[in-house]
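Here's a quick briefing to read alongside the structure. Keep the 3D view open and find each part as it comes up.

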Amino acid sequence: MSATQAWGRYVDILPAQQQQLIAKQPICWLPWATLESRGSHLPRGVAGYIAEAVAEGAARRVGGILYPLLWWDSNDNVELFRQVVATRLAAIAAQGFQAAIVIGLPATTMIDLALINIAEAAWSHHQLLTLAISPLELVDETMQDHGALWETSLLLAMHPELVDLSQLASDDGRNVRDVASPSLGNHALTLAIDRLAKAVQDVYTRRNVAAIIALYQQRRARYDRSAL
């Protein structure tokens, strides 16, 4: 796999360019995020910045078309979310895409389960290979720490002007103020992009539906155990 593949942002390309990119690599990248507070030191859009950066980095490696970030309000209902994403995926399949990477961090179990169901339906109804995944899931899910060390470091690496560590108390129990750094953020971002790119390349080239099914089964099983 070369370091850079043919890719483009959906909002920047002409219709003819879109068709050329789909012909070369029919993969669609769909970052999304919930608007929510993740600490007094971070903006409400931090989850979106992370999802979009990982999606773009992987798209540059694998190829395809990067759709604009879909913002979601945490107060909106799950059924509406399901309808919006399912409609988007149906339209994507109709345009000739063969794979869709839906990347974002679900704020609730219900949203994640809805995403899994949507992804499975997209394959069943449209033969659209759909991977619904969170940005750091293939690295370490505990790094998705709701505004603690890793998420703060990621934003320090990408948009340091948006982070205000002085808003944290000096005795903050998570020790974010003293440990978070751009270097940690860059390390996490590189790992996330590399692993997602390799996973998508494998899933797409081998049509490895079994790997996606196994991932979804693991997530469902984790939720079942936590409900006990």
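**Helices, salt bridges and odd turns**

Glu-56 counts as buried, because its relative accessibility is 17% and the cut-off for buried is under 20%. Keep in mind that this is a predicted model. Glu-56 is a handy starting point, since it brings us to the salt bridges, and the structure holds 12 of those.

**The Glu-56 corner**

- Glu-56 pairs up with Arg-9 in a salt bridge, and their closest N and O atoms are 2.8 Å apart.
- Glu-56 belongs to helix H2 (residues 46–62) and Arg-9 to strand S1 (residues 7–9), so this pair ties together parts that sit 47 residues apart in sequence.
- Unlike buried Glu-56, Arg-9 counts as partly exposed, because its relative accessibility is 30%.
- There's a third member here too: Arg-60 is linked with Arg-9 and Glu-56 in a network of salt bridges.

**Helix H2 itself**

- How many of the 17 residues of H2 are buried? The count is 13, so H2 is mostly covered.
- The length of H2 works out nicely: at 1.5 Å a residue, its 17 residues should span 24 Å, and the end C-alpha atoms are indeed 24 Å apart.
- Right after H2 comes Gly-63, with a positive phi of about 105°.

**Helix H4 and its cover**

- Helix H4 runs over residues 109–126, which makes 18 residues.
- From first C-alpha to last, H4 reaches 25 Å, close to the 26 Å expected at 1.5 Å a residue.
- Which residues of H4 are buried? They are Ile-111, Asp-112, Ala-114, Leu-115, Ile-116, Ile-118, Ala-119 and Ala-122.
- The cover over those buried residues includes three strands you can look up, S2 (27–35), S5 (99–103) and S6 (129–133).
- Helices H3 (78–94) and H8 (209–226) are also part of what covers them.
- Gln-127 follows H4, and its phi is positive, near 55°.

**A salt bridge between H4 and H8**

- Asp-112 shows up again here: its side chain meets that of Arg-219 in a salt bridge, 2.8 Å from N to O.
- Arg-219 lies in helix H8 and Asp-112 in helix H4, so the pair ties together parts that are 107 residues apart in sequence.
- Are these two partners buried or exposed? Both Arg-219 and Asp-112 are buried.

**The end of H7 and the loop after it**

- Arg-206 and Asp-202 also meet in a salt bridge, this time 2.7 Å from N to O.
- Both of these residues lie in helix H7 (residues 182–206), 4 residues apart, or about one turn of the helix.
- Here's the helpful background: an α-helix has 3.6 residues a turn, so residues three or four places apart point the same way.
- Arg-206 counts as exposed at 58% relative accessibility, while Asp-202 counts as partly exposed at 26%.
- Arg-207 is in the loop between H7 and H8, and it is partly exposed, with a relative accessible area of 36%.
- Asn-208 is in the loop between H7 and H8 as well, but Asn-208 counts as buried, at 14% relative accessibility.
- What does Asn-208 touch, leaving aside its neighbours within four places in sequence? Asn-208 is in contact with Asp-202 and Val-203.

**Positive phi without glycine**

- Most residues other than glycine have a negative phi.
- Arg-207 isn't a glycine, yet it has a positive phi of about 50°.
- His-146 isn't a glycine either, and its phi is positive too, at about 55°.
- You'll find His-146 in the loop between S6 and helix H5 (149–158), where it counts as partly exposed at 38% relative accessibility.

**Where H5 meets H7**

- Two packed helices are described by the angle between their axes and the distance between the axes.
- For H5 and H7, the axes come within 7 Å and cross at roughly 95°.
- That makes H5 roughly perpendicular to H7.
- On the H5 side, the contact is made by Leu-149, Trp-150, Ser-153, Leu-154, Leu-156, Ala-157 and Met-158.
- On the H7 side, it is made by Pro-182, Leu-184, Gly-185, Asn-186, Ala-188 and Leu-189.
- By class, this contact of H5 with H7 has 10 nonpolar residues, 3 polar ones and no charged ones.

Definitions and conventions. Residues are numbered from 1 along each chain as its sequence is written. This is a predicted model: local features need pLDDT of at least 70, side-chain atom pairs count only at pLDDT 80 or more; totals for chains, interfaces and linings use all residues. Side-chain values use heavy atoms; hydrogens and water are left out. Helices (H or I, at least four residues) and strands (E, at least two) are DSSP runs, numbered from the N terminus. The expected span of a helix is 1.5 Å times one less than its number of residues. Buried means under 20% relative accessible area, exposed over 50%, partly exposed in between (1.4 Å probe, protein chains only). Contact means heavy atoms within 4.5 Å. A salt bridge is a side-chain nitrogen of Lys or Arg within 4 Å of a carboxyl oxygen of Asp or Glu. Axes are lines fitted to C-alpha atoms, for helices over the stretch in contact, and angles run from 0 to 180 degrees between N-to-C directions. Angles under 35 degrees count as roughly parallel, over 145 as roughly antiparallel, 65 to 115 as roughly perpendicular and the rest as oblique. Ala, Val, Leu, Ile, Met, Phe, Trp, Tyr, Cys and Pro count as nonpolar, Asp, Glu, Lys and Arg as charged, and the others, Gly among them, as polar.
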